Amino acid sequence: MIIKHQRGRGNKVHLFLDDEYVITTDVNFWLDNYISDGTEIDEDDWQKLVDGINYKKALNKCADLLSRREHSVKELKQKLLRTVDEKSADRAIERYLESGYLDDRHFCESLVEYLYNVKKYSSNHVRQECYKRGVDSSIINSVLDNFEVDNIKTIIELIKKKYSTKLEQEGGKEKVIAALQRRGFSYSDIKSAFYRIEEDEF
């Protein structure tokens, strides 16, 4: 097999085998692994080159995704698999785990704090959201144990700040109860919260 390269847009470099396009890499990778045009390359050396290209692509994709927000390991791998093979994805994830830039416990702590304090979700809803993102149950349980949450107090805050005008509408209370249940709050907690509000016990 004869290898050739061609500069693309930006920092892209397109690689060809026997004059047929096969894969694209970037200038930095190609300079580090440069092979002059017309060189004959065997299957093993070509596969090593492809593996290196895909690994670099996976590392770059990890950096891009993690620069936007934190991810769980499962979330990150699912996104990587859209553009790279599983072997490259696993290698890149392992690299980021070793460097400390990927950490399911830290991710879970940040997510739980956000869902409790900003989104005002119930304990059950927070747990479900963490599961949905692929965090291990032992990590979720450990993190949640460190958070003191009063669901009834949270419901009261939501009613006063978010749903007070809706309560004044016809059938408003039923609509508010439904909205709170969609956030994962139990009917008994919602009922207790309304009781406290009506009795001015808050």
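**View 1. Packing around helix α2 in the predicted model.** The buried residues of α2 pack against six elements: β1 (2-7), β2 (12-17), β3 (20-26), α1 (27-32), α3 (73-80) and α4 (86-99). The buried set in α2 consists of W46, L49, V50, G52, I53, N54, Y55, A58, L59, C62, L65 and L66. Helix α2 spans residues 43-68, 26 residues in total. From first C-alpha to last, α2 reaches 38 Å. That is close to the 38 Å expected at 1.5 Å a residue.

**View 2. The N-terminal cap of α2.** D42 caps this end of the helix. A side-chain oxygen of D42 lies 3.2 Å from the backbone nitrogen of D44.

**View 3. The four-stranded sheet.** The strands form an open sheet in the order β3-β2-β1-β4. The pairing is antiparallel. β3 and β4 (39-40) are the edge strands, and each pairs on one side only. Six bridges join β2 to β3. Five bridges join β1 to β2, and two join β1 to β4. At the β1 to β4 pairing, I2 stands opposite E40 in β4. β2 is mostly covered, with five of its six residues buried.

**View 4. H14 and its partners on neighbouring strands.** H14 lies in strand β2. Toward β3, its bridge partner is T24. H14 is also the bridge partner of Q6. Side chains meet here too: that of H14 makes a polar contact with that of T24 at 2.8 Å. Leaving aside neighbours within four places in sequence, H14 is in contact with K4, H5, Q6, R7, G8, Y21, I23 and T24.

**View 5. The hairpin of β1 and β2.** Four residues lie between these two strands. G10 sits in the turn and has a positive phi of about 60 degrees. The strands on either side run antiparallel.

**View 6. The hairpin of β2 and β3.** Two residues lie between these strands. D18 is found in the loop between β2 and β3, and D19 has its place in that loop as well. Most residues other than glycine have a negative phi. D18 departs from this with a positive phi near 50 degrees. D19 is not a glycine either, yet its phi is positive, about 70 degrees. How accessible is D18? At 47% relative accessibility, D18 counts as partly exposed, because the exposed class begins over 50%. D19 has a relative accessible area of 58% and is therefore exposed, being over the 50% cut-off.

**View 7. The largest pocket.** About 230 Å³ of space lies in this pocket. The elements that give two or more residues to its lining are β3 and α2. Which element supplies the largest share of the lining? α2 does, with six residues. The full lining is N11, K12, T24, T25, D26, I53, K56, K57, N60, K61 and D64. Two of these residues recur from other views. T24 lines the pocket and also makes the polar contact with H14. I53 lines the pocket and is among the buried residues of α2.

**View 8. D104 in helix α5.** Helix α5 covers residues 104-117, and D104 lies within it. Is D104 buried or exposed? D104 has a relative accessible area of 15%, so it counts as buried, the cut-off being under 20%. The side chain of D104 reaches the backbone nitrogen of V73 at 2.9 Å. Leaving aside neighbours within four places in sequence, D104 is in contact with S72, V73, G134, V135 and I139. E70 is 34 residues from D104 in sequence. In space, the two C-alpha atoms are 9.2 Å apart.

Key:
Residues numbered from 1 in each chain as written. Predicted model: local features only at pLDDT ≥ 70, side-chain atom pairs only at ≥ 80, totals over all residues. Heavy atoms only, no water. Expected span 1.5 Å × (residues − 1). Buried < 20%, exposed > 50% of the residue type's maximum accessible area, 1.4 Å probe, protein only. Contact = heavy atoms within 4.5 Å. Polar contact = N/O pair within 3.5 Å; in protein donor to acceptor, adjacent residues only side chain to side chain. Pairing = 2+ DSSP bridges. 1 Å grid on protein atoms, 1.4 Å probe; cavity = no way out; pocket = protein on both sides within 12 Å on 5 of 7 lines; lining within 4 Å. Points joined across faces, edges and corners; volume = space filled by probe spheres on them.
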